[in-house]
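User: I'd like a close look at one helix-helix packing in this model. Could you walk me through it and then set it in the context of the rest of the chain?

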Amino acid sequence: DILDRTVDALRVHCMGEEIAVNVAQNGLAVLVEVLRNDPKTLEMLPKDSLCVVSTCLSSSGFSQQVVEDGLAIFQFAFSSMDRDQLESVPTLSCLLDAVRQHVESLTIVTEGLVSMLLVVQEMVDAAVEEAIAQPESSLWDIFNVLREVLDIHWREFTIVQSCCRLLDYCVYKSWPSQKRAEEAGLLLSLARCLREHRGNMATRKMCAAIMSEILTQFADSDET
């Protein structure tokens, strides 16, 4: 009953024009605590719970703590729910929004990138390419967001590696995506990361591999 009432409060007070930040903060904190004590309670949540949580993630009016709790709930969902149960949730777009709005927060960026990678790993290559290509789609702005992340957190090798893993799914054998990544300035960002982490073999190899993949767009063209 407490789960139903909590989600109902979030639905009423956090999805309209007037957002109650205190309700969002307290409500998501309750859900996280319940799920940590018993992850099986995720199955007892109302069907629209993750859509409600996604609104909390993507709203600019919510605090860092609200977003951290929202990301924790999504990671519970990714680990225990069937993928078809997550299809109706605007997961990628709300994760991108959360990272963009709190791009200076190491915790939110770290957890947001991990969550995005979990989602993208479940998508086939064609679906990823399509999601990147359409302006109204969930991954349209991913390259700009990742560039912002690297421009701020380029000294953090775990962040750099997470960005590279995500980029690997986005630019592999996709000329349009490679072009978009280059236009977003990711080659320069990755080059700086490569210099900073040249003593870390794993990070260095990942940066170099993504840069090489982005550059393959020029292999059969006259561009230099």
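Analyst: Here is a walk through one helix pair, then the chain around the pair, then two loop residues.

Keep in mind that this is a predicted model. The pair to look at is α2, residues 21-37, and α4, residues 64-80. Their axes sit 9 Å apart and make an angle of about 35 degrees. As for handedness, the crossing of α2 past α4 is left-handed. On the α2 side, the contact is built from Val-21, Ala-24, Gln-25, Leu-28, Ala-29, Leu-31, Val-32, Leu-35 and Arg-36. Facing them from α4 are Val-66, Asp-69, Gly-70, Ala-72, Ile-73 and Phe-76. Sorted by class, that contact comes to 11 nonpolar residues, two polar ones and two charged ones.

Now zoom out to the chain. The protein chain has 13 helices and zero strands, so its pattern along the sequence is just α after α. Its radius of gyration is 19 Å, close to the 17 Å from the globule rule for 224 residues, so the chain is as compact as a globular protein of that length. If you want box dimensions, the C-alpha trace spans about 65 × 35 × 35 Å along its principal axes. Of the 224 residues, 45% are buried. The contacts reach far along the sequence too: taking pairs at least 6 residues apart, 72% of the contacts join residues at least 24 apart. About 11400 Å² of the protein chain is exposed, with carbon and sulfur atoms supplying 50% of that area.

Two loop residues are worth a click as well. Start with Arg-155, in the loop between α9 (142-153) and α10. Arg-155 counts as exposed because its relative accessibility is 55%, and the cut-off for exposed is over 50%. Even so, Arg-155 has partners from elsewhere in the sequence: setting aside neighbours within four places, it is in contact with Glu-196 and His-197. Glu-196 is 41 residues away from Arg-155 in sequence, yet the two C-alpha atoms are 6.7 Å apart in space.

The other one is Lys-173, in the loop between α10 (157-171) and α11 (175-183). What should you check here is the backbone: Lys-173 has a positive phi of about 55 degrees, and it is not a glycine. Most residues other than glycine have a negative phi. Lys-173 also counts as exposed, because its relative accessibility is 65%.

How values were computed. Residues numbered from 1 in each chain as written. Predicted model: local features only at pLDDT ≥ 70, side-chain atom pairs only at ≥ 80, totals over all residues. Heavy atoms only, no water. Axes fitted to C-alpha atoms, helices over the stretch in contact; angles between N-to-C directions. Helix = DSSP H or I, 4+ residues; strand = E, 2+ residues; numbered from the N terminus. Left-handed = near helix turned anticlockwise from the far one by under 90°. Contact = heavy atoms within 4.5 Å. Nonpolar A, V, L, I, M, F, W, Y, C, P; charged D, E, K, R; others polar. Buried < 20%, exposed > 50% of the residue type's maximum accessible area, 1.4 Å probe, protein only. Rg over C-alpha atoms; globule rule 2.2 N^0.38 Å. Areas by Shrake-Rupley, 256 points an atom, 1.4 Å probe, with all protein chains shown as cover.
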